[in-house]
Amino acid sequence: MAKHMMREWEVPLDESWDVMVVGGGPSGCTAAAAAAREGAKTLLIEAGGMLGGMGTAGLVPAWCPFTDGEKIIYRGLAERVLKETMAGMPQLPPNRFDWTPIDAERLKRVYDNLVTGAGASVLFHTVLAGVEANDGWVNTALTASKAGLVAYRAKMYVDCTGDGDLCAWAGAPFEKGDPVDGDLQPATHCFTLSNVDEDGFHHRGSFGGQDGALAKMLSSGRYTDIPDHHACNNLVGPGTVGFNSGHLWKVDNTDPASTSRALMAGRKMAEEYRRGLAEFFPQAFGNAFLVATGSMMGIRESRRIIGDYVLTLDDFMARRGFEDEIARNCYFIDIHHKEKDVGTERECRHTIRYGKGESHGIPYRCLTAHGFRNVLVAGRCISTDRTVQGSTRVMPVCLTTGEAAGVAAAQTLSSRTYDVHRIEVSRLRARLREVGAYLP
């Protein structure tokens with residue numbers, strides 16, 4: 001690509017923040033709330049018009065499990081977000097903490113209140129546009145918004161972009177995709193259908209399975225924009241069903257052209273689901289209305305920032321604990337199939353599941369970008385191997401790693417070391433326990 005030289009810009013510089021959190025998904029929300037709660041002057045920037053990421057803008061219809069089959073293990077701010085969202089959904093049993101449906105509109109307000117109630121400031125429609133760094137120190141984060149270009153020079157940065165944008169642009173090492181062929185897990189464009197007959201949905205038919213509506217849609221040959229048998233859905237409100245169904249391959253969230261194509265393909269797919277369900281599952285969806293598709297693509301995988309420790313499949317299989325662990329995780333290894341496996345017996349997710357009460361630790365060192373003193377990472381792009389990322393990428397984990405990163409950022413400032421690699425981890429763990437984290 002040819003380079004175009006532009007005149008020198010005069011960019012305003014804001015140096016008033018202790019902590020700058022980039023990305024307002026689950027990890028960004030808890031990171032900003034935790035940092036502000038600990039006394040740090042905190043700014044959260046978000047590219048979209050709402051907080052919450054995949055649970056709000058992405059329309060994911062249900063939380064992955066919050067329990068290990070016996071008890072909630074994603075606690076602290078994570079448990080608060082879950083229960084405050086459930087409090088506005090009286091149709092849910094009070095103890096439904098696994099695969100809990102999400103009311104996206106309520107969840108937006110829960111996150112708004114969480115972040116601003118802690119004292120953090122939020123800027124919507126503000127994207128990270130560049131990073132200035134040298135000698136393991138991020139000096140400046142350049143942003144773009146309706147205000148133009150604005151540079152921020154914070155003391156600490158927390159990368160909650162999901163794709164590790166701040167770290168990668170600063171020069172931090174990362175891995176991406178399958179180590180053999182670079183393949184990325186498929187994306188999914190979630191959507192919502194309303195005017196659904198709940199009795200028909202619950203009692204008079206089936207969406208998935210060998211004899212369900214989806215199998216009939218695919219075998220009919222008339223719904224060619226629906227690619228495979230991936231079928232997840234939840235009743236998210238009265239007469240309203242959210243779908244996390246269908247796959248889109250070769251989607252790279254670090255490539256806007258790729259994501260743009262996928263969003264348009266996903267919208268076509270959602271309408272085909274509506275038409276196919278009206279034909280093959282009329283008891284529930286005969287009069288259904290496609291009310292929304294996600295404004296954010298459901299990305300499962302992109303960059304993984306290399307930290308001081310890379311969490312491995314061996315750690316997962318050993319249910320390993322760590323002296324510096326800042327969270328526990330029990331979600332199964334969940335790697336979605338490749339496009340070449342559609343229609344074969346391999347068209348299923350690669351899963352490794354724990355038994356009841358089992359979990360593994362996530363070390364603090366998975367949040368420290370290798371070689372950078374004033375940057376922490378939380379959410380989907382923490383330091384793991386590819387297989388384990390298929391487990392740690394989900395929203396409950398993002399919530400807990402975000403809170404840990406926010407507390408660690410504030411403690412790094414108060415310790416005056418200004419080095420995330422040198423903080424007193426026992427102090428971090430003690431504070432996390434104090435605010436409710438599950439660290440057995």
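In the predicted model, T401 has a relative accessible area of 0% and is therefore buried, given that the cut-off for burial is under 20%. The residue is found in helix α11, which spans residues 395-415, and its side chain reaches the backbone nitrogen of G379 at 3.1 Å. When neighbours within four places in sequence are left aside, the contacts of T401 comprise I326, I362, L367, A378, G379 and I382, so that G379 appears both in this contact list and as the partner approached through its backbone nitrogen.

In soluble globular proteins, nonpolar side chains tend to be buried together. The largest nonpolar core of the model holds 102 residues, and those with the most contacts inside it are V19, W63, Y111, I326, Y364 and L376. Helix α11 supplies the largest share of this core, namely 10 residues. A second core, separate from this one, consists of 28 residues, among them L193, F201, L235 and L263. Of the residues named for the largest core, I326 is also in contact with T401, while L376, apart from its neighbours within four places in sequence, is in contact with M156, Y157, V158, D159, Y364, L367, T368, A405, A408, A409 and V420. L367 is thus listed among the contacts of T401 and among those of L376.

Aromatic pairs in the model number 14. In one of them, the ring centres of F191 and F243 lie 4.9 Å apart with their planes at 5 degrees, so the pair is classed as stacked, the cut-off being under 30 degrees. Because F191 belongs to strand β10 (residues 191-194) and F243 to strand β12 (residues 240-243), the pair ties together parts that are 52 residues apart in sequence. Both F191 and F243 are buried, the relative accessible area of F243 being 0%.

F243 also pairs with F207, here in an edge-to-face arrangement with 5.3 Å from centre to centre and 80 degrees between the planes. Since F207 lies in the loop between α5 (198-203) and α6 (213-220), whereas F243 is in strand β12, this pair ties together parts that are 36 residues apart in sequence. F207, at 5% relative accessibility, likewise counts as buried. One aromatic cluster is formed by F191, F201, F207, F243, Y273, F281 and F285, and F201 is also included in the second core.

Charged side chains are likewise placed over aromatic rings: K41 lies over the face of W17 at 4.9 Å from the ring centre, and R303 lies over the face of F174 at 5.4 Å from the ring centre.

Definitions and conventions. Residues numbered from 1 in each chain as written. Predicted model: local features only at pLDDT ≥ 70, side-chain atom pairs only at ≥ 80, totals over all residues. Heavy atoms only, no water. Helix = DSSP H or I, 4+ residues; strand = E, 2+ residues; numbered from the N terminus. Buried < 20%, exposed > 50% of the residue type's maximum accessible area, 1.4 Å probe, protein only. Polar contact = N/O pair within 3.5 Å; in protein donor to acceptor, adjacent residues only side chain to side chain. Contact = heavy atoms within 4.5 Å. Core = buried A, V, L, I, M, F, W, Y, C linked by side-chain atoms within 4.5 Å. Phe/Tyr/Trp six-rings, centres within 6.5 Å; stacked < 30°, edge-to-face > 60°. Lys NZ or Arg CZ within 6 Å of the ring centre and 35° of its normal.
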